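Biologist: Please show me the model. I have some questions about its packing.

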Amino acid sequence: MSNQLLNTAAKHPFSIIGLADRAWNSLAEVIIKLGWDPITRLCETMVTANEKASNRLMAKIASGQLKVFTLSRIYKFPLREGQGEDNEGFKAELRVISDVFWVRLCTMGDLGFAEAYMYGEVECFLSKDMTYSCAIFKDLDGDIKAGHSISLWSGGQGLKRLVPKSTPKSTPEKLNGFNNCDHEASLSCPPIQEELHQAQVRKLEHIIQKAQICPGHRVLEIGSGWGSLAILIAQTIPNTRIDTITLSVQQQALARERVAHAGLSDRIEVHLMDYRNLPPEWEGAFDRVVSVEMIEAVGAEFLERYWQVVDWAMKVKSGVGVIQVITIPEARYDRYIKEIDFIRKWLSLPPVLTTSYLVFPGGFLPTVTLLLQTMRSGSQGRLIVDSVSNIGPHYARTLREWRKRFLDRFESVIVPSLKTEYPDVMCGPRGREEIEVFKRKWIFVTVKLDLPPAPWEITLSRLYEKVTKITDVM
């Protein structure tokens, strides 16, 4: 198990919060790793208790079958007395490598399972036709079921596959790493079309269309990304001018490079700027405002301020905006804000608590209701909603494509980059172990995000004087 946890100098070790966080995490890890046998046995019993016990979660499995393998026994769920083994439907297996898995699972639930997988304390196997999300949200795998062949790359990439035991070379025991799985996929499955780029372009074109950007418009983009949306607007709509803002030095540098390469430096300006500190001369200056998956980094306490800025920057008479945001379902919100899940702990905690490799620092997922409430209060009712669209079903396919590329290029691209960025950790005595922790963490992240929360798209306009518009919610 990793002891360093990708801990680099960027963790601010001498801050009070940093020291407290480090001390607590170290103590918790020591206690968990001790794995006293009576405690692990108790935790195992609590997790696998049968229907007569208070914990009935395992018995509620309604579709498919789960097997849990330990050194001493095999658990089968939801197999009951007098029933044979279900030979049809989805199958999944867990191989418990370390009994610490039971302690994590019992004490931390979802977060404990995620960390156990990340640290290699449990291995996951899926049947060949199973994706991580298919048994829960079948619509998320619609692209697979609509005529596309199901392959080892259908979902859950990086997790091991259960394949027919009649094939000597493909027993689960031999699928002990991604490379074997990928090799079999390359032999038995047709090559996957390079469709991700085209899909991304279609998404950007859709946002441009929804925003009704016209020739001569001035556009504000909050969150530059790597510059693709700003460049596409300038390339496809004549005489447009785009101001795009970011807090990332790396994003600004690459976006400027791409803008210059496209010959658009006279029409696109990439600013290193906080959305709360826009120049005074930008007030009411923009015909259109667009923002793609940036509002998740705003934080609950600043949502009203965000909408206030959007309202402030739009032209009074004709402003229109499109905001794409990943939200969390209403029913999960109360629990979400009270607890720290895997994504928030390992990818979103404030920089003072963790390391600089975080992707979503300070990340917070709002609900649709919270967005609409804060929009109304932040703009004092001047921003009104024209449409709300759920684009979440597309996200599962995107994540599968990302996961494939991540694993295809892990050794050739990602490992060298990690060693360059974090030489003390990745090139140290536990370097390979840290690299595997990083790999398994991102496998889990892309698999977990197959499930809601999901992206929504909000189209809004600015109410001028007393004009009333009909709100269309899809």
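The questions below deal with cores, helix contacts and one single residue.

Modeller: This is a predicted model, where local features need pLDDT of at least 70, side-chain atom pairs count only at pLDDT 80 or more, and totals for chains, interfaces and linings use all residues. Residues are numbered from 1 along each chain as its sequence is written, and side-chain values use heavy atoms, with hydrogens and water left out.

Biologist: Which helix gives the largest share of the largest nonpolar core?

Modeller: A nonpolar core is a set of buried Ala, Val, Leu, Ile, Met, Phe, Trp, Tyr and Cys residues joined through side-chain atoms within 4.5 Å. Buried means under 20% relative accessible area, exposed over 50%, partly exposed in between (1.4 Å probe, protein chains only). The largest such core has 41 residues, and Val68, Leu94, Phe101, Trp102, Phe342 and Phe406 have the most contacts inside it. Nine of its residues, the largest share, come from helix 3 (residues 100-118; helices are DSSP runs of H or I, at least four residues, numbered from the N terminus).

Biologist: How many residues are in the second, separate core?

Modeller: Its members include Ile295, Ala313, Val325 and Val388. The count for this core is 38 residues.

Biologist: How do helix 13 and helix 16 run, roughly parallel or roughly antiparallel?

Modeller: The axes of helix 13 (residues 393-408) and helix 16 (residues 431-448) come within 9 Å and cross at roughly 165°. Axes are lines fitted to C-alpha atoms over the stretch in contact, and angles run from 0 to 180 degrees between N-to-C directions. Angles under 35 degrees count as roughly parallel, over 145 as roughly antiparallel, 65 to 115 as roughly perpendicular and the rest as oblique. So helix 13 and helix 16 are roughly antiparallel.

Biologist: Which residues of helix 16 meet helix 14?

Modeller: The axes of helix 14 (residues 410-421) and helix 16 come within 11 Å and cross at roughly 115°. Contact means heavy atoms within 4.5 Å. From helix 14 come Phe410, Glu411, Ile414, Val415, Leu418 and Lys419. Their partners in helix 16 are Arg432, Ile435, Phe438 and Lys439.

Biologist: Is Leu254 buried, partly exposed or exposed?

Modeller: Leu254 is found in helix 8 (residues 249-261). Leu254 and Trp226 are 28 residues apart in sequence and 6.4 Å apart in space, C-alpha to C-alpha. The relative accessibility of Leu254 is 28%, so this residue counts as partly exposed.

Notes
Helix = DSSP H or I, 4+ residues; strand = E, 2+ residues; numbered from the N terminus.
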